[in-house]
Amino acid sequence: MKRIIEKVIESLLTISGATTGIVILLIVVFLFREGVGFFSHSDIESGYVLCVNGKNPVDRLTPEQIKRIFDYEIDNWSLAGGNDEAIEPFRMNDLSDYYSDEELGENYEFVPEKLGEIIGGTPGIIAFIPEQYVPGKSEEVKVLSGNKLKPADFFGGENWMPTATPAPQFGLLPLLTGTLWVGLCAILIALPLGLGVAIYLGELANEKIRNLLKPTIELLAGIPSVVYGFFGLVVLVPFIQKAFNLPVGETAFAGSLVLAIMALPTIITVAEDAIRNTPQTMREASLGLGANHWQTIYRVVIPYSISGISAAVVLGIGRAIGETMAVLMVTGNAAVIPRSLFEPVRTIPATIAAELGEAPHGGAHYSALFVLGCILFLITVIISISAELISKKQHQAQ
Amino acid sequence: MLETKNIDFYYGSFHALKNIAMKIEDHTVTAFIGPSGCGKSTFLRLFNRMNDLIPSMRLTGECLIDGEDIYHKSVDVAKLRKRVGMVFQKPNPFPKTIFENVAYGLRVDGVNDGRFIARRVEESLQSAALWEEVKDKLKKSAFELSGGQQQRLCIARALAIAPSIILMDEPASALDPISTSKIEDLIHILKKDYTIVIVTHNMQQAARVSDKTGFFMLGELIEYDDTKKIFMNPEKEETQNYITGRFG
């Protein structure tokens with residue numbers, strides 16, 4: 001009987017272990033499967049095409065070129081690989097400048113024909129029109145071949161405008177740099193502070209102060225991030241705006257500060273545990289050789305606990321990179337490549353949280369957000385692995 | 001010369017050492033024996049003020065080294081510990097290279113002369129009878145050494161700062177018999193240049209290495225005399241009982 005119960009418990013434990021592993025694996029697979037679909041989407045809005053004059057030698061345009069053409073930033077075909085000819089962007093609502101409603105027919109049945117006339121008669125035109133109105137095949141009209149979204153445009157793109165027409169811009173760079181920028185600055189603020197507190201608690205504070213401070217700090221780790229975001233929004237943002245005389249207080253710096261505060265409890269707790277785990281005999285050996293307290297701390301205690309300290313750093317970075325809500329609330333969410341700490345930025349997690357609700361299911365925008373998720377996942381995996389390697393190397397040295 | 005007068009020592013309310021008076025001559029090996037918890041390690045740690053680390057400790061009486069009270073306010077504890085080296089029960093090398101372990105005391109003392117440090121490291125390792133075994137791997141981690149080698153490294157580390165007294169707190173209790181005999185041989189050699197005080201659980205070891213032996217029990221120094229006398233012809237009955245293995 002006892003043996004049977006043991007067997008049952010054993011198999012239950014095995015099942016729960018296996019289930020957890022499978023669930024985690026499934027999440028990763030799901031993330032990547034949804035993300036991979038991104039690169040099979042067309043680079044202009046679905047249901048639409050771009051047409052040019054039949055004599056125009058240009059066959060392909062990148063999403064960025066398309067955007068700049070329709071923003072009137074590129075105004076000559078020679079800048080897009082064509083002849084020296086002024087570009088005339090054309091959208092459907094421009095049609096009324098050429099023809100009256102009567103001429104287009106009651107059910108717009110003459111639209112393709114008229115569009116054909118316009119495109120054929122204007123050498124520099126580029127027309128953004130719905131698929132169903134594409135003029136019939138003729139020498140005078142050329143439909144630009146629809147490109148698939150290219151990884152190079154995604155990873156090297158400097159604009160994130162997923163709802164832009166005619167060509168949505170899926171440029172990773174502003175989001176990636178925003179994430180790293182905010183995360184890096186957060187760590188730069190949190191690390192010295194966190195290590196300082198950890199060393200103070202582990203080596204200097206007396207038992208009374210420690211017993212008071214440590215639970216308080218651990219409590220901070222449990223506060224929901226939206227509360228930190230609220231605090232940042234109400235206290236830090238106005239303060240930063242006033243202190244640095246900025247047009248807006250919602251900046252990368254505000255995000256970094258909030259993240260630093262949020263990462264502190266993790267860094268302090270883990271680093272302090274590592275420091276206190278340094279054997280007393282190590283400290284005694286150092287003191288016994290005539291070292292003072294400080295020399296003992298930085299020559300023996302810190303080297304001995306360095307793997308725990310790097311674990312603290314990595315957990316802190318992980319928290320800073322992946323944190324969503326608080327950052328969403330205080331960074332201003334402008335998807336531009338940051339050039340200083342005092343500009344609004346947008347991070348990858350904040351983008352996913354803010355945009356997933358409005359992205360049509362299965363569309364390019366939707367898939368793009370999953371690609372962002374994959375990238376976030378890869379970043380954290382890289383961080384964890386490097387931490388693992390650091391601590392392994394450290395253990396080998398010991 | 002080490003000398004204590006009327007030493008009483010408390011951990012909080014626990015009276016760990018009771019009215020201990022002892023004189024230890026230079027260039028001798030003195031062994032402290034006694035059952036666990038008798039206060040012999042606590043007494044040993046008085047001489048380099050290692051007990052200072054315990055927050056609730058309290059001490060009365062005098063503890064003199066060459067006539068100077070080492071618990072006087074004006075004493076620099078770090079300087080004192082450079083004069084009184086210590087080897088611990090378990091080998092406790094630092095997570096550093098073999099070379100840096102031995103150089104540690106010099107480095108924290110502010111010595112920067114690389115050639116001087118290198119010479120001192122070699123001398124110390126030779127004195128600790130470890131040089132031949134490690135001279136080709138000074139840059140390797142100290143953790144790659146065996147337990148016995150690590151303990152001799154800890155002795156070399158203590159020798160590098162040129163102390164006059166070496167305290168050993170059960171230095172061979174974590175080692176195998178061969179490593180133990182190497183440490184004991186070393187103690188014989190080191191006696192010429194250093195005053196050695198050793199705490200041990202192993203009575204044969206005390207008999208083999210020491211000139212004088214102190215027997216502690218329940219915080220009291222029961223008997224302190226020449227080792228031969230303690231082991232052959234002790235005056236007190238408790239000593240006799242302990243040595244013959246009737247308790248402890």
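Two strands pair if DSSP finds at least two bridges between them. With that in hand, here are some close-ups of this predicted model.

**View 1. Strand 3 of chain B and its parallel neighbours.** Strand 3 of chain B pairs with strand 9 (residues 212-217) of chain B in the parallel sense, over four bridges. Look for Ile33(B), whose bridge partner in strand 9 of chain B is Phe215(B). Strand 8 (residues 195-199) of chain B also runs parallel to strand 3 and is joined to it by four bridges. Here Ala31(B) is the residue to find, standing opposite Ile198(B) of strand 8.

**View 2. The two faces of strand 3 of chain B.** In a regular strand, side chains alternate between the two faces of the sheet. One side of strand 3 carries Val29(B), Ala31(B) and Ile33(B), the other Thr30(B) and Phe32(B), and all are buried. Because five of the five residues in this strand (residues 29-33) are buried, the rest of the structure largely encloses it.

**View 3. Where chain B meets chain A.** The contact draws 22 residues from chain B and 19 residues from chain A. Pro95(B), Tyr104(B) and Val108(B) are worth picking out: they supply 28% of the area that chain B buries against chain A, more than any other three residues. Between them, the two chains bury about 1900 Å², 64% of it on carbon and sulfur atoms.

**View 4. The salt bridge between the chains.** Chain B and chain A share one salt bridge. Arg45(B) forms it with Glu284(A), and their closest N and O atoms are 3.0 Å apart. On the side of chain B that touches chain A, helix 3 of chain B gives the largest share, four residues.

Methods. Residues are numbered from 1 along each chain as its sequence is written. Chains are lettered from A and ligands numbered from 1 in the order in which they are written. This is a predicted model: local features need pLDDT of at least 70, side-chain atom pairs count only at pLDDT 80 or more; totals for chains, interfaces and linings use all residues. Side-chain values use heavy atoms; hydrogens and water are left out. Contact means heavy atoms within 4.5 Å. Buried area is the accessible area (1.4 Å probe) that two parts lose on being put together, summed over both. A salt bridge is a side-chain nitrogen of Lys or Arg within 4 Å of a carboxyl oxygen of Asp or Glu. Buried means under 20% relative accessible area, exposed over 50%, partly exposed in between (1.4 Å probe, protein chains only).
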